[in-house]
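Trainee: I would like to learn how to read a model of this kind, one feature at a time. Please give the general idea before each case.

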Amino acid sequence: MSVRYHLRFQIHPYEGTAAVAATAAELAKTCTDAGVAEVVLLLGAEEHFTGHLSGPDEDLWYEAAALAQEVLLGAGLDVSLNPWVTTGHADRGRTGTHGFAPMVSPTGKVAAAQASFACPRWRAWLTGHYGRFAELGFRVLWLEDDFRFHNHAPLDWGGGFEPLMLDRLAALAGRPVPRPELVAALTAPGPPHPLRALWQQVWRTAQLEVAAQVAAEVHRRSAGRSRTGLMSSGLDAASVEGRDWGALFGALAAPGGRAVHRPHFAPYADAPGRELARQLWMPELQRSLRPEYVDSEPEIENWPHTAWSKSDVQTWSEMVAAQLSGADALLLNLHPMHGAHPGSHPGIAELLRRARPALDLVHRQHPRGQRTLGVGLPFAQDAAAHVRAHGGDLTELAVDPGPAAGFLLRYGVPVTAEPAPVQALFGPSAWAFDDQAVRALLAGGLLLDGTAAAILHRRGFGPLIGLADAEPVDREAPATPGGPGPYATEHLCAAAGQELAGLLLSVNTQPALARLREAPGAQRWSEVRTPDGRAWGAGRTVFANTLGGRVAVLAATEPHTLPADDHAQRLLHRTIRFLEGEDARLPLVSGGPYLIPHLSHADGVTTLTVANGCQDPARPVVDLPALPDAVAVGATVLVPLAEPRPADTGRRGHTLRLDPELPHRAWAVLRW
């Protein structure tokens with residue numbers, strides 16, 4: 001099996017049909033040489049976006065797309081289409097000319113060129129626009145990621161607060177609700193205001209209506225030849241919008257048909273190697289939300305494009321991360337959208353050729369139906385409907401398991417979106433699960449941060465998490481008279497392990513800590529102390545509860561921002577082993593900073609893939625307590641843009657050490 005490259009490219013129509021045909025032929029040759037299976041034609045994108053296309057402008061792009069498609073199909077390539085806008089990404093000085101009802105922000109700012117989801121004129125335009133191009137029979141017609149309410153510059157937060165949407169809310173609420181009253185209700189302190197659920201229903205319904213309308217028209221006018229694809233953004237902001245992922249994918253799939261998803265997961269430009277943790281957990285979480293009938297084509301982002309924005313080494317490492325998720329194809333965003341000649345960037349084809357050997361290997365080892373293993377990351381897509389706000393703005397409602405995933409992965413602990421014997425619940429997402437779901441989590445191994453612990457204690461679960469009290473204390477809160485003063489360090493106790501006893505970790509820059517007081521039977525593994533060494537409260541506690549579960553609590557409310565070091569890693573590994581109890585199975589990786597693991601099982605084989613997210617080379621060390629002595633472990637090293645090569649491992653008991661050093665952004669593959 002071979003990985004599929006889908007190349008995103010814009011052919012400009014302004015120089016006439018001969019130039020379009022020549023560029024398409026040049027593109028076809030480039031794709032053939034680079035092993036690209038499909039071209040995704042961009043339509044009026046970025047620098048060449050003149051506004052929502054219609055009339056002679058749309059005719060011009062239609063003729064160019066039809067001609068380019070003919071040339072590319074003749075060269076044996078598949079072709080899809082990526083119209084640049086639905087509602088509109090950003091104004092950027094453009095002014096709407098179609099009479100669309102504009103988006104309005106929470107504070108009342110009005111967009112100049114971005115349309116409301118409730119506007120009937122815009123809905124008619126969008127349906128007709130996609131329907132017209134669907135007649136050409138493209139494999140996929142993509143809805144751009146501006147198909148959302150948030151992130152519509154220059155609007156603050158985004159749009160969706162326009163009069164047409166407020167009219168829909170009035171119909172549900174039985175009375176008009178002015179925008180200032182609505183915005184205040186959405187983020188009112190305390191339990192969620194009833195208007196929050198109604199407002200999310202308004203947004204969700206409007207989006208589903210448009211998705212179903214466009215998908216039905218694409219199916220009809222393509223005579224069933226074309227699918228509708230969704231490009232998406234972060235899960236946290238989508239939760240604020242009340243997005244129902246299953247319903248949305250269902251609306252996009254024709255009856256009995258399939259849809260396609262482009263999950264966002266990578267940054268636009270160069271980033272530290274430790275960001276690979278994010279590139280692993282984001283596709284994993286989105287995978288859990290997709291029905292079986294939806295294909296996954298993660299986008300390899302690069303903007304404003306070429307190696308001047310993102311190195312080939314980083315691009316390659318992110319392609320590997322995407323393929324670990326069992327992707328059906330890689331959507332490559334590598335060429336400048338403003339430059340019309342693929343041959344002027346020969347380095348891109350060279351990148352794709354050199355990347356293929358490693359990607360093909362990963363593709364074979366990580367099929368679509370694989371199981372991922374690790375610490376579970378419970379995620380409720382409607383989390384934003386349940387979280388408690390504090391009177392700020394809509395960003396308060398945006399929560400997802402990212403901080404928990406980042407904290408675990410950076411220390412060599414694999415994660416999964418599937419249910420698992422050990423799970424981690426951080427932050428205000430603890431509001432999103434009902435009592436029955438919380439009890440189910442507490443019946444296994446559960447890692448909590450200070451925010452989640454305080455929420456569960458408030459909800460009456462203190463006896464099951466081993467806490468008599470869990471009081472959040474803000475960093476800038478004034479010291480109480482006679483109190484211990486500000487928190488500063490975390491002193492490790494002997495209960496955490498004799499080799500750790502007496503070591504200090506820093507909590508000095510945490511925005512808040514939960515002041516933990518243990519219940520009978522709980523153990524204190526660390527103690528938070530003030531700058532002068534006085535006891536402030538427990539830093540980490542562990543507890544075996546009456547449900548048969550085990551719970552570990554961190555006082556830190558943002559564990560992913562704690563200073564990282566070897567001692568903190570050993571403490572976390574010890575914590576995971578406590579939570580596993582007598583059936584310790586998870587491979588835990590050490591041997592250097594930011595050795596980031598991915599663990600999966602398919603066809604009777606378990607695969608542990610480890611990225612080196614540090615600039616320094618490292619030799620990964622893997623603790624595998626459940627691996628029988630007789631089981632052989634095969635190892636392969638994937639060095640950036642090189643052929644995969646076999647590697648040796650040294651084994652002592654249940655510990656494996658990779659013999660060759662792993663370079664920056666390289667991956668070690670261990671299989672048994």
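**Reading single residues and the whole chain**

Mentor: Start with S429, which lies in the loop between β15 and α13. Helices (H or I, at least four residues) and strands (E, at least two) are DSSP runs, numbered from the N terminus. The model is a predicted one, in which local features need pLDDT of at least 70 and side-chain atom pairs count only at pLDDT 80 or more, while totals for chains, interfaces and linings use all residues. Residues are numbered from 1 along each chain as its sequence is written, and side-chain values use heavy atoms, with hydrogens and water left out.

Trainee: Is S429 buried or exposed?

Mentor: The class follows from relative accessible area: under 20% is buried, over 50% is exposed, and anything in between is partly exposed (1.4 Å probe, protein chains only). S429 has 10% relative accessibility and therefore counts as buried. Its C-alpha lies 7.9 Å from that of F379, with the two positions 50 residues apart in sequence.

Trainee: What does α13, at the end of that loop, show about burial?

Mentor: The general idea comes from the helix repeat. An α-helix has 3.6 residues a turn, so residues three or four places apart point the same way. In α13, residues 435–442, the buried residues include V438, L441 and L442. These cover an arc of only 95° around the axis, so they sit on the same side of α13; the arc is that of the directions from the helix axis to the C-beta atoms. Q436 and A440, on the other side of α13, are exposed.

Trainee: Which elements do the buried residues of α13 pack against?

Mentor: They pack against β15 (422–425), β16 (445–448), α14 (450–465) and β23 (550–554). Contact here means heavy atoms within 4.5 Å.

Trainee: Which residues of α8 are buried?

Mentor: α8 spans residues 245–252, and its buried residues are W245, L248, F249, A251 and L252. Seen down the axis of α8, they fall within an arc of 155°, so they line one face of the helix. Their packing partners are β6, α6, β7 (227–231), α7 (235–240), β8 (259–262) and β9 (294–296).

Trainee: How should I read a pair far apart in sequence, and what is G190 in contact with beyond its neighbours within four places?

Mentor: Put the sequence separation beside the distance in space. G190 is in the loop between α5 (179–186) and α6 (194–221). It is 199 residues from A389 in sequence and 6.6 Å from it in space, C-alpha to C-alpha. Apart from neighbours within four places, G190 is in contact with R388 and A389. At 23% relative accessibility, G190 counts as partly exposed.

Trainee: How far apart are the C-alpha atoms of T17 and S105?

Mentor: They are separated by 42 Å, with the two residues 88 apart along the chain. T17 is in helix α1 (residues 17–34) and, at 58% relative accessibility, counts as exposed.

Trainee: Backbone torsions next. Which peptide bond before P154 is cis?

Mentor: The bond from A153 to P154 is cis, with omega near 5°. P154 is in the loop between β6 (140–143) and α4 (163–173). W303 and P304 are also joined by a cis peptide bond, with omega about 5°. P304 is in the loop between β10 (299–300) and α10 (312–324).

Trainee: What is the phi of Y594?

Mentor: Y594 has a positive phi of about 55°, although it is not a glycine. Y594 is in the loop between β24 (588–590) and β25 (595–602), and at 23% relative accessibility it counts as partly exposed. D603, another residue other than glycine, has a positive phi near 55°. D603 is in the loop between β25 and β26 (605–612); its relative accessible area is 75%, so D603 is exposed.

Trainee: Now the whole chain. How many helices and strands are there?

Mentor: The protein chain has 15 helices and 32 strands. Of its 672 residues, 58% count as buried. The C-alpha atoms fill a box of roughly 75 × 65 × 45 Å along the principal axes.

Trainee: What share of the contacts joins residues at least 24 apart?

Mentor: Among contacts between residues at least 6 apart in sequence, the share is 75%.
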